[in-house]
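Reader: I should be grateful for a close look at the open spaces of this protein, its pockets and cavities. Please set the neighbouring strands, helices and backbone features beside them in one connected account.

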Amino acid sequence: MNDQDGPGREQDERPPEFKPYHHPAAGWGAAKSVTRFLIREGELLAGPRAIVKMNHENGGFDCPGCAWPDDTKGLHLDICENGIKHVTWEMTRKRVGREFFAAHTVSELSRWSDTELESQGRLTEPLRYDADSDRYVPISWPDAFALVGDTLRGLASPDQAAYYTSGRLGNEATFLYQLMARELGTNNLPDCSNMCHEASGRALQAALGTGKGTVDLEDWERADALFILGVNAASNAPRMLTALAEAYRRGAQIVHINPLIEAAATRTIIPHDFARMATFRATRTGTLNLQPRIGGDMALIRGMAKAALEQAREDPGALDTAFIERHTTGFEEYRAVCEKTTWEEIERQSGVTVADIRAAARIYRDADRSIASWCLGVTQHEHGVDTVREIVNLLLLRGNLGREGAGPSPVRGHSNVQGNRTCGIDHRPAAAFLDRLGDVCGITPPRHHGLDTVGTIEAMHRGDVTVFVGMGGNFVLAAPDTPYTSAALRKCELTVQVSTKLNRSHLVHGRQALILPCLGRTEKDEQRGGLQATSVEDAMSMVHLSVGMKRPASTHLLSEPAIIAGMARAALPDSATPWESYVEDYDRIRDTMSQVLDGFEDFNRRVRQPLGFRIRQPARELVFHTPSGRAEFSTAALPDVIPAPGTLALGTMRSHDQWNTTIYSDNDRYRGVKNLRTLIFMNADDMRDRGLSEFDDVDITSTAKDGTTRRVSRYKVIPYDIPRGCAAGYMPEMNVLCAIGDYSTQSDQPIMKHLKVTVERSA
């Protein structure tokens with residue numbers, strides 16, 4: 001058994017509080033929270049200035065938070081609470097320089113909480129770990145690059161290195177990063193998509209021949225019905241609240257499908273709607289809330305499809321038969337599967353009554369144009385790919401594809417995670433992409449598949465991967481099975497972390513370790529060719545430029561393209577790739593990208609258009625790059641998601657005052673929690689069965705697929721409106737409960753939304 005109290009967390013000394021939240025999402029609560037945060041960070045002047053520059057088409061910078069698209073109507077305050085916090089967190093005046101590291105050993109810092117680590121401020125110069133003093137010490141950039149280059153050239157195989165990417169990396173840096181890895185000879189390019197939307201990409205690719213959603217923000221403005229699955233929009237994509245409020249006001253139906261009824265599924269006051277703010281007038285953001293059991297989404301969607309097929313017997317208009325016949329394959333097989341699936345099984349597996357499922361199906365039937373949108377509540381399961389394909393099946397039944405106001409719309413998390421994949425971060429690259437990359441860049445890229453995130457961790461643990469390079473993020477906290485991941489990193493010969501702030505991953509390091517500080521999204525990137533802009537791709541395939549506005553936190557910071565080029569030149573001294581030229585002027589990178597990447601033709605001109613450009617989506621035009629040349633129905637059987645007696649299905653999630661692994665406070669306003677993160681939300685009847693009361697201390701034990709167990713101790717239990725047999729708690733504290741082997745066989749994603757746990761009172 002692995003017993004862990006959580007990674008680097010020190011509980012707030014103030015007593016915990018819990019009071020269910022019944023106010024509108026955003027509104028004055030968000031305004032007050034932002035004001036307090038700006039005061040706390042000392043950014044009452046720079047913060048508001050940044051706000052008016054963020055997400056603007058003319059000379060602004062892209063929010064480094066979520067990937068929700070920028071407003072298409074020229075909205076001047078296209079911002080949200082979490083975006084402002086994230087930007088202010090980056091713009092802090094606090095600095096972490098050599099004096100800080102001279103005063104603190106790594107062993108000491110390892111005992112600090114994660115919030116304390118990041119709160120110290122911005123990193124200011126490159127650092128090397130000195131084992132004799134157990135401290136990070138300054139190193140020059142040339143020496144840092146030389147250490148990376150010497151180590152990479154000394155490997156017996158290029159596959160002994162892995163190159164991780166978080167969603168903060170811009171498109172130009174992303175392209176250079178994958179180019180470096182492939183010129184070195186490996187496809188070991190794990191990324192954060194491997195832990196979040198890998199299931200979406202694989203399902204959409206199989207069904208439609210594209211790994212992305214097909215809708216844009218204007219489609220959201222035209223849809224008659226929106227089906228939102230497994231999304232906590234008020235915290236994870238807060239600007240979606242604007243789209244939901246506008247949809248409700250124009251009469252659209254909005255169905256939220258989630259085990260928890262989140263604040264975004266009720267009502268909101270949009271902060272930039274000054275009239276409603278002044279009069280406290282909220283707008284509803286949903287017309288129906290359904291609460292499936294954890295993992296029950298597929299059964300619920302199967303029920304909606306079954307209801308549509310039954311209705312079609314009397315009303316042929318319930319289906320779009322012309323679309324099905326012209327553009328799909330596998331319909332008769334899917335209809336047979338639906339007919340074979342009984343209502344009893346659908347109700348049992350979904351945890352939702354047949355009457356409620358039929359109500360959702362009627363909304364779908366009555367809508368001419370429907371969008372289905374989902375996030376990690378759907379994908380981080382063993383059967384995530386099957387569930388996304390079931391969503392596509394439902395859309396195909398009524399031809400909700402290839403026309404305005406309709407289609408699939410996955411909600412991506414980090415600001416450029418979709419752009420990372422588009423620009424080449426893929427451990428399973430397509431042959432056509434490698435052909436073009438080789439021809440244009442004059443390299444011979446490797447053809448064998450590389451390692452994803454889970455595979456990289458396992459390979460480091462075995463000793464097969466000895467160099468780990470992380471571009472952004474906080475890998476050790478984002479990954480599953482925290483102790484296992486930590487042990488794997490410590491077995492490396494060299495770990496390299498490209499970061500803006502101190503975090504846990506700097507303290508869990510290899511025998512040799514480097515911290516390489518980079519410019520933030522808000523900072524000016526001056527190169528020999530002048531002020532540079534980088535591009536990002538949002539969740540709906542829009543590509544636009546981002547230009548920093550602030551003076552860099554330190555004169556010693558380098559841009560991400562410059563850091564990548566420095567490592568590449570040191571590792572590939574004889575390379576014909578013009579690394580230095582690329583860094584002088586990012587237009588040169590974009591010129592090369594335009595020759596390699598589909599949809600990036602004439603990149604430099606198109607990206608400078610107002611709002612940039614949208615990458616062409618063939619499936620949106622009813623062109624399907626599938627084996628059949630058509631959209632393909634799937635026929636997977638429903639999985640059994642009912643917990644065994646005495647166990648619960650637990651899903652990990654963020655709190656509201658958190659962005660990915662960055663935790664701003666121990667509060668979760670929208671769930672009514674204060675001063676507490678080490679908690680578990682449970683159904684009141686499940687608590688009663690175990691003799692538990694609010695705030696009792698409990699031990700939570702997970703059982704992995706291989707039978708091993710993991711445990712966190714003395715967590716507080718809170719009663720919550722969640723289906724029986726289900727529970728929820730915060731990541732990264734609960735990532736320890738997800739064993740390294742608990743990943744989906746369909747997507748290779750860690751199943752962080754469907755852990756099998758038992759809960760008992762702490763001794």
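Author: The account below takes the pockets first, then the second largest cavity and nearby strands, and then the open sheet and some single residues. The model is predicted, and every value given here is computed from it.

The largest pocket holds about 1100 Å³ of space. Its lining is made up of 31 residues, and those closest to the centre are Gln205, Gly211, Lys212, Arg421 and Thr422. Three helices each supply at least two residues of this lining, namely H9 (198-208), H21 (417-422) and H22 (431-441). Sorted by class, the lining of the largest pocket counts eight nonpolar, 13 polar and ten charged residues.

The second largest pocket encloses about 790 Å³ of space. Of the 30 residues in its lining, Gly29, Ser33, Arg36, Arg669 and Lys674 are the closest to its centre. Contributions of at least two residues each come from strand E2 (17-18), helix H1 (27-41), helix H3 (81-90) and strand E29 (673-674). Helix H1 gives the most to this lining, with eight residues. The classes in the lining of the second largest pocket are ten nonpolar, nine polar and eleven charged residues.

A backbone feature may be added to the description of strand E29. Asn675 is placed in the loop between E29 and strand E30 (679-682). The residue has a positive phi of about 65 degrees, although it is not a glycine. Asn675 is classed as buried because its relative accessible area is 6%, and buried means under 20%.

The enclosed spaces come next. The model contains nine cavities of 30 Å³ or more. The second largest cavity has about 200 Å³ of space. It is lined by 18 residues, with Gly520, Arg521, Asp525, Thr534 and Glu560 nearest its centre. By class, this lining has five nonpolar, seven polar and six charged residues.

Thr534 leads to a set of paired strands. Strand E22 (residues 534-537) pairs with strand E23 (residues 542-546) in the antiparallel sense, over four bridges. Within this pairing, Ser535 has Leu545 of E23 as its bridge partner. The hairpin of E22 and E23 has four residues between the strands, and Ser541 takes a positive phi near 70 degrees there. Strand E23 also pairs with strand E24 (residues 613-614), again in the antiparallel sense, over two bridges. Here Val543 stands opposite Phe613 in E24.

A general point applies to such pairings: strands of a sheet pair through backbone hydrogen bonds, either parallel or antiparallel. The parallel case is shown by an open sheet of five strands, whose order is E13-E10-E9-E15-E16. Strands E13 (288-290) and E16 (407-410) stand at the edges with a single partner strand each, so one side of each is left without a neighbour in the sheet. From one strand to the next, the twist averages 15 degrees. Strands E9 (residues 225-229) and E10 (residues 253-257) run parallel and are joined by five bridges. Across this pair, Leu226 stands opposite Ile254 in E10. Helix H12 (residues 240-249) packs on the sheet, where it touches E9, E10 and strand E15 (370-374). The direction of H12 makes about 135 degrees with that of E10.

Several single residues complete the account. Thr279 belongs to helix H13 (residues 274-279). With 45% relative accessibility, Thr279 counts as partly exposed, because this class lies between the limits of 20% and 50%. Thr279 and Ile269 are ten residues apart in sequence, and their C-alpha atoms are 10.0 Å apart in space.

Asp481 lies in the loop between helix H24 (475-478) and helix H25 (482-490). This residue has a positive phi of about 50 degrees, although it is not a glycine. At a relative accessible area of 1%, Asp481 is buried.

The last feature concerns a peptide bond. Met731 and Pro732 are joined by a cis peptide bond, with omega about 5 degrees. Pro732 is located in the loop between strand E33 (726-730) and strand E34 (755-761).

Note on methods: Residues are numbered from 1 along each chain as its sequence is written. This is a predicted model: local features need pLDDT of at least 70, side-chain atom pairs count only at pLDDT 80 or more; totals for chains, interfaces and linings use all residues. Side-chain values use heavy atoms; hydrogens and water are left out. On a 1 Å grid over the protein atoms alone, a cavity is a set of points where a 1.4 Å probe fits but cannot get out, and a pocket is an open set with protein on both sides within 12 Å along at least five of seven lines; lining residues have an atom within 4 Å of a point. Grid points are joined across faces, edges and corners, and a volume is the space filled by probe spheres set on the points. Ala, Val, Leu, Ile, Met, Phe, Trp, Tyr, Cys and Pro count as nonpolar, Asp, Glu, Lys and Arg as charged, and the others, Gly among them, as polar. Two strands pair if DSSP finds at least two bridges between them. Axes are lines fitted to C-alpha atoms, for helices over the stretch in contact, and angles run from 0 to 180 degrees between N-to-C directions. Contact means heavy atoms within 4.5 Å. Buried means under 20% relative accessible area, exposed over 50%, partly exposed in between (1.4 Å probe, protein chains only).
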